[in-house]
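Have a look at the model below. We'll go through a helix pair, a chain-to-chain contact and some annotated repeats.

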Amino acid sequence: MAKLELLQSINAHKGIVWNVSWHPNGNIFASCGEDKVINLWSKENQGWAVKTMLVDGHQRTIREVAWSPCGNFLASASFDGTTAIWDKKSGQFECNATLEGHENEVKSVAWSPSGQLLATCGRDKSVWVWEVAGDDEYVCEAVLNAHNQDVKKVVWHPSLEVLASASYDNTVKIYKEDQLDSDWNCVATLESHETTVWSLTFDKTGERLATCSADNTVKIWKEYKPNNELGVSVSDKESSWKCICTLSGYHTRAIYDIAWCHHSGLIATASGDDIIRIFKEAEDCDPDAPTFDLICKKYDAHSQDVNCVKWNPTANNELVSCSDDGQIKIWKFLDE
Amino acid sequence: MKVADNVNPNVYEKGSVREVTKSDLDEELNDDFDQREIFDIIRNISDPEHPLTLEELRVVEESNVIIDNKNNLVHVYFTPTIPHCSMATLIGLSIRVQLLRALPSRFKVTVEVTEGTHVSEHAVNKQLADKERIAAALENNNLVQIINQCVRSV
């Protein structure tokens, strides 16, 4: 039987905990929430303990935090309309750059795999791509207005400079930089969800994407490149993305986050029904019509909505989650 | 001053006050929430445009409250006085805020427009169901002041 074993439960923030982010070394994670505080947690002998508290960075709720791939920078996106970049060049963590430009709430921030680009999105319906231009310098490369409602989440492809965004307009969009004129363009629109798409996650190859929505479903999408063997029609030399699997009937309320583990291949979901679920791809299934089985369902994972789930990047099957109840929980996935 | 959307709404009589029974006073009794208790929490919210309660305007009615104690679900349907009421989202937000403040956090609260009673029913419902937008709205002091005025009994 597969199960999620609770390793530790932490009263982490006052009010809603919106997001958690693992440091690439897997020994530290950051958390943020309604209390406008960023907490950095590290593993001590007694378990996870707060090591640093970053206060005064933002005037309103901090919606998302993200470690850079090198682990030296932490970005935080806030309802106050700004994105802050923190580092500890001076010996302790300080905010050394602030990205301004969104008209109002910034809802998500993500570093590209090289760490050279940042993406942000928000209620003003736009997605911004920023380039790291030097020490504490960030230059806006593109403002993408492909969505017609607020944008909930931005996520980068695991190895390429390909960006995906999820929106209140029920769609997911994929963006790439045109090699000829260096312009960023929306190259694909993924339509199938019936209402807000809250989050998305690439698999380790970046050729599949899992999305989750307030329509209580998870959808798996596959990239079909030009001249693909299956003969899926592809226009304009860009790949097309096709929904190859819908997981419906499992969640009873909105699904706020989804995480595809790049080591185990397991998919974890965080839902407004207080449950964390783990899905596993069936072996030997058709790659163009795969089956995913629900292998673990943790009832009352939190006492309120689960807002975020993240797999530890070091392949130890640890999962961290956070909730409206002010708590963070660290879990170990066991498949016995 | 802005003229109200519905200048002359129908006004209905208020219901009676809930009678306190012996079992209400029994501290030992495990007492579930009932439809009437949920209704009592929201009936005295005032309309943003009139010095009247949502009950007097029949925006909220006891029969439009659904409670499921076992699954911790509360569902409230509200009925704008006119189908193009521009205050529908604000009224829904006031109902939601009042319930979130009054009920234990284990409850999942859904507030929706009564089917077929508003031109933007779907858009209003979607907005009221988006917890991130609600959280952001509740950080807006001006809006919170307006909501507090509404939820303060008339």
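In this predicted model, B:Leu90, B:Leu93, B:Ser94, B:Val97 and B:Gln98 of H2(B) meet B:Ile146, B:Ile147, B:Cys150 and B:Val151 of H5(B); contact means that C-beta atoms, placed from the backbone, lie within 7 Å. Seven of these residues are nonpolar, two are polar and none is charged. Here Ala, Val, Leu, Ile, Met, Phe, Trp, Tyr, Cys and Pro count as nonpolar, Asp, Glu, Lys and Arg as charged, and the others, Gly among them, as polar.

H2 spans residues 88–102 of chain B and H5 residues 141–151, and they pack at about 75° with axes 10 Å apart. That's why the two helices are roughly perpendicular, a label for angles of 65 to 115 degrees. Helices are DSSP runs (H or I, at least four residues) and strands are runs of E (at least two).

Now for the two chains: 10 residues of chain B touch 13 residues of chain A. On the chain B side, H3 (121–129) and H4 (131–137) each supply at least two residues, and H4(B) gives the largest share, three residues. That side holds three nonpolar, one polar and six charged residues.

Over in chain A, an unreviewed UniProt entry annotates WD repeats, including residues 55–96 and 99–132. Such annotations may be inferred rather than shown by experiment.

| Stretch of chain A | Helix | Strand | End C-alpha atoms apart |
|---|---|---|---|
| residues 55–96 | 0% | 50% | 14 Å |
| residues 99–132 | 0% | 59% | 11 Å |

Residues are numbered from 1 along each chain as its sequence is written, and chains are lettered from A and ligands numbered from 1 in the order in which they are written. As the model is predicted, local features need pLDDT of at least 70 and side-chain atom pairs count only at pLDDT 80 or more, while totals for chains, interfaces and linings use all residues.

Key: Axes fitted to C-alpha atoms, helices over the stretch in contact; angles between N-to-C directions. Parallel < 35°, antiparallel > 145°, perpendicular 65-115°, else oblique.
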